Amino acid sequence: MILKIKSLSGKYPDYATEGASGMDICAFTEEPIVLNPMERKLIPTGLFLEIPSGYEGQLRARSGLAIKHGIGLVNGIGTIDSDYRGELKVAMINFGSEAFTINDGDRIAQLVIAEYIKAEILASDELSDTERGEGGFGHTGV
């Protein structure tokens, strides 16, 4: 699978190790961005993607930023559709108790490219029974 990327900085995402499933995505900013506790901001990356049809980009938080500083993604996982051609921006939030500064070139997220299947919708008045049925959150206990 080929992923075409245009980069305003001349830097491109890369896999940190041979076994990494996510590519590191860096901030592209003229000046530092301060993310105060519980504050949300869109962080520019200077990247534009051409994801092939049948694939999606999944933006994910970096575990080190999450555990050390409480930095995450506003929507948990961000989806980048194959027909989007605008700049990739990362919706970040500071769940921590101290301000966090993002500098140009800082690794702020991971990008995973995944294949997907589009479902064919079949309207139905009835669904098959299962052992679980309508059991929801916590229905199996602790």
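**Close-up views of a predicted model**

Asp 24, Arg 62 and Arg 107 are linked in a network of salt bridges. Keep in mind through all the views that this is a predicted model.

**View 1. Asp 24 shares its salt bridges with Arg 62 and Arg 107.** Let's begin with the Arg 62 side of the network. Here the side chains of Arg 62 and Asp 24 form a salt bridge, with N and O 3.7 Å apart. Arg 62 belongs to the loop between β5 (55-60) and α1 (63-69), while Asp 24 belongs to strand β2, so this pair ties together parts that sit 38 residues apart in sequence. Buried or exposed: which word fits Asp 24? Asp 24 is buried, since its relative accessible area is 9%. Now for the other arm: Arg 107 also meets Asp 24 in a salt bridge, side chain to side chain, at 3.2 Å from N to O. That pair links distant parts of the chain, with Arg 107 in strand β10 (residues 107-115) and Asp 24 in strand β2, 83 residues apart. Arg 107 has a relative accessible area of 42%, so it counts as partly exposed.

**View 2. Arg 62 sits in the loop between β5 and α1.** With a relative accessibility of 18%, this arginine counts as buried, because the cut-off for that label is under 20%. Besides its salt bridge to Asp 24, what does the side chain of Arg 62 reach at 3.5 Å? It reaches the backbone oxygen of Arg 107. Setting aside neighbours within four places in sequence, Arg 62 is in contact with Asp 24, Arg 107, Ile 108, Ala 109 and Gln 110.

**View 3. Ile 25 is a buried residue of strand β2.** The strand itself covers residues 23-26. Ile 25 has 0% relative accessibility, so it counts as buried. Which residues does Ile 25 contact, leaving aside neighbours within four places in sequence? The list runs to Pro 13, Thr 45, Leu 47, Leu 59, Leu 88, Asp 106, Arg 107, Ile 108, Ala 109, Gln 110 and Leu 111. Tyr 15 is 10 residues from Ile 25 along the chain, and their C-alpha atoms are separated by 9.6 Å.

**View 4. Lys 6 has its charged end over the ring of Phe 48.** The distance from that charged end to the ring centre is 5.1 Å. The two residues also stand opposite each other, with Phe 48 in β4. Around them, strand β1 (residues 4-7) and β4 run antiparallel and are joined by four bridges. Phe 48 has a bridge partner in β8 too, namely Glu 87. As for ring-to-ring pairs, how many does a search of the whole structure find? The search turns up zero aromatic pairs.

**View 5. Strand β8 pairs with β4 and is joined to β6.** Strand β8 (residues 87-94) has six of its eight residues buried, so the rest of the structure largely encloses it. Strand β4 (residues 40-50) pairs with β8 in the antiparallel sense, over seven bridges. One bridge to pick out is that of Lys 41, whose partner in β8 is Met 92. Strand β6 (residues 71-73) also runs antiparallel to β8, and three bridges join them. There, Gly 72 stands opposite Ile 93 in β8.

**View 6. Glu 39 and Lys 41 form a salt bridge.** Their closest N and O atoms are 3.9 Å apart. Side chains of opposite charge can pair when their charged atoms come close. Glu 39 is partly exposed because its relative accessible area is 24%, and Lys 41 is partly exposed too, at 28%. How many salt bridges does a search of the whole structure find? The count is four, and the Glu 39 and Lys 41 pair is one of the salt bridges in these views.

**View 7. Met 38 has a positive phi without being a glycine.** Its phi is about 65 degrees. Where does Met 38 lie? Met 38 lies in the loop between β3 (33-35) and β4. At 52% relative accessibility, Met 38 counts as exposed, because that label applies over 50%.

Conventions
Residues numbered from 1 in each chain as written. Predicted model: local features only at pLDDT ≥ 70, side-chain atom pairs only at ≥ 80, totals over all residues. Heavy atoms only, no water. Buried < 20%, exposed > 50% of the residue type's maximum accessible area, 1.4 Å probe, protein only. Contact = heavy atoms within 4.5 Å. Phe/Tyr/Trp six-rings, centres within 6.5 Å; stacked < 30°, edge-to-face > 60°. Lys NZ or Arg CZ within 6 Å of the ring centre and 35° of its normal. Polar contact = N/O pair within 3.5 Å; in protein donor to acceptor, adjacent residues only side chain to side chain. Pairing = 2+ DSSP bridges.
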